[in-house]
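Biologist: Could you take me through the ligand site in this one, and then the loops you think deserve a second look? I'd like the residues by name, please.

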Amino acid sequence: MHIDTHVAQLGNRRDPATGAISVPVYHSATFAHPGPGQSTGYDYTRTGNPTRQALEEETARLERGARGLAFASGMAAIDCLCRLFGPGDRLVVSDDLYGGTYRLFERILRPLGIDVAYVDTGDLEAVERAVNERTRALFLETPTNPLMKISDIRGCVRIARARGIITIVDNTFMTPYFQRPLELGADVVVHSATKYLGGHNDVLAGLLVAKDPALGERLQFYQNSAGAVLSPHDSWLLLRGMKTLALRMQRHEANAAAVARWLETHPLVTRVYYPGLDGHPRRSVHEQQATGFGGMVSFDVADARLVAPLLSNVRLITFAESLGGVESLITYPAVQTHSDIPPEVREAIGVTDRLVRLSIGIEHVDDLIADLEQALKAAEREVKRVGL
Ligand SMILES: *Cc1c(COP(=O)(O)O)cnc(C)c1O
């Protein structure tokens, strides 16, 4: 079945008793036992809830894994994964990482004695060099946030397998619509479902999918024990959002490609980061592991002083954190998502104070380009007024 068909039908035919097409929301914290030692399959909602289970099973199918788990946020899902590791262990992770993940690794894992090495996970020799006998996992983002660097999933999996360690991929940017890391050999996929999967900026959620049932069981044990589960209502919101994933991703991508090409021609823009552009350094690696380029576009403006007036002059595009929703957003990574990364580290990896990130929504692309055009013009006027 095509993924377009699967997502449109998410949750349908799960309730033969009523024929409900939309999964019912089971707002019940606990469930009656038919008798001593008996269960309907549900006991207590932290352990299992029918609405959340529908989401978890459907997500596992979409990502081609054995077990799906839903959490109250993407960070809660990543935190659950971190429980696989202990003092003395080492993780090798992508160097251009989501700021919240970096904060979790540096401020929570490192003080526990877990070592984290940051490398360009598109450079397999660098990955080989960073892996030592204490390494337990590779953690990849691809494309990365906000620089759209490409990791080589298959290549990293080869390195990990040779050492008997696992590969984890944060698939938030691509979603299973464009990229399915478990099919490429990865062991776990993690999502901030707050982004494209939810798609409407109305629910905070995280998902994990494990390929192997035993690893899935172990993660479910941590999920239930630590308890940061997704609520039944939010599980339903997420399922509803995901039904239109295919349509949305197609439109995000078409719009993003057009905006990226337009930005490349703009005199105030010195560099555009989008994996679908011809000049993208690892476009071919990306094309071998994904079927699309997604809706995220970053760009450098010619002067850092343009950024503030640009952000305050957009009218249609909203200046806000987050990404992946139907509404276009503009973000300033250096002061928003990446503020927890020391300035010198930030600058060294390319997240400079001239970098702006766009999450391209599903509006008409002409309106998006017109908004950027007028905002860049206004920014230029303001900078000229105070003197360039
Ligand atoms: C937003 C995001 C996260 C964190 O997810 P939350 O739902 O905000 O907790 C993790 N990884 C990536 C790539 C993200 O964009």
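Modeller: Here is the ligand site, followed by a few loop residues.

Keep in mind that this is a predicted model. Let's start with the pocket: the ligand takes up the space of the largest one. Around the ligand you'll find S73, G74, M75, Y98, D170, T172, S192, T194, K195, L204, A205 and L323. Sorted by class, that shell comes out as five nonpolar, five polar and two charged residues.

Now for some polar contacts. D170 offers a side-chain N or O atom that sits 2.7 Å from a nitrogen atom of the ligand. S192 also uses its side chain, with an N or O atom 2.8 Å from an oxygen atom of the ligand. With G74 the backbone is involved: one of its N or O atoms lies 2.9 Å from a ligand oxygen. As for how covered the ligand is, on its own it would expose 380 Å², and the protein buries 93% of that.

Next, the loop between β4 (135–141) and α6 (153–162), which is where P143 lies. The peptide bond leading from T142 into P143 is cis, with omega near -10°. P146 is in the loop between β4 and α6 too, and the bond joining N145 to P146 is another cis peptide, with omega about 10°.

M148 belongs to that β4–α6 loop as well. Its phi is near 60°, which is a positive value in a residue other than glycine. Is M148 buried or exposed? M148 has a relative accessible area of 1%, so it counts as buried.

M148 also leads us to another loop. Its backbone oxygen lies 2.7 Å from a polar atom in the side chain of H280. H280 itself is found between β8 (269–273) and α11 (283–289), in the loop there. H280 is also classed as buried, because its relative accessibility is 11% and the cut-off for buried is under 20%.

One last residue for your list is S322. You'll find S322 in the loop between β10 (318–319) and β11 (329–331). Its phi is positive, at about 90°, although S322 is not a glycine. While you're looking there, recall that L323 is one of the residues surrounding the ligand.

So if you're clicking through the model, try the ligand contacts of D170, S192 and G74, then the cis bonds at T142 to P143 and N145 to P146, and finally the pair formed by the M148 backbone oxygen and the H280 side chain.

Definitions and conventions: Residues numbered from 1 in each chain as written. Predicted model: local features only at pLDDT ≥ 70, side-chain atom pairs only at ≥ 80, totals over all residues. Heavy atoms only, no water. Near = heavy atom within 4 Å. Polar contact = N/O pair within 3.5 Å; in protein donor to acceptor, adjacent residues only side chain to side chain. Areas by Shrake-Rupley, 256 points an atom, 1.4 Å probe, with all protein chains shown as cover. 1 Å grid on protein atoms, 1.4 Å probe; cavity = no way out; pocket = protein on both sides within 12 Å on 5 of 7 lines; lining within 4 Å. Sits in = over half its atoms within 2 Å of the grid points. Nonpolar A, V, L, I, M, F, W, Y, C, P; charged D, E, K, R; others polar. Helix = DSSP H or I, 4+ residues; strand = E, 2+ residues; numbered from the N terminus. Buried < 20%, exposed > 50% of the residue type's maximum accessible area, 1.4 Å probe, protein only.
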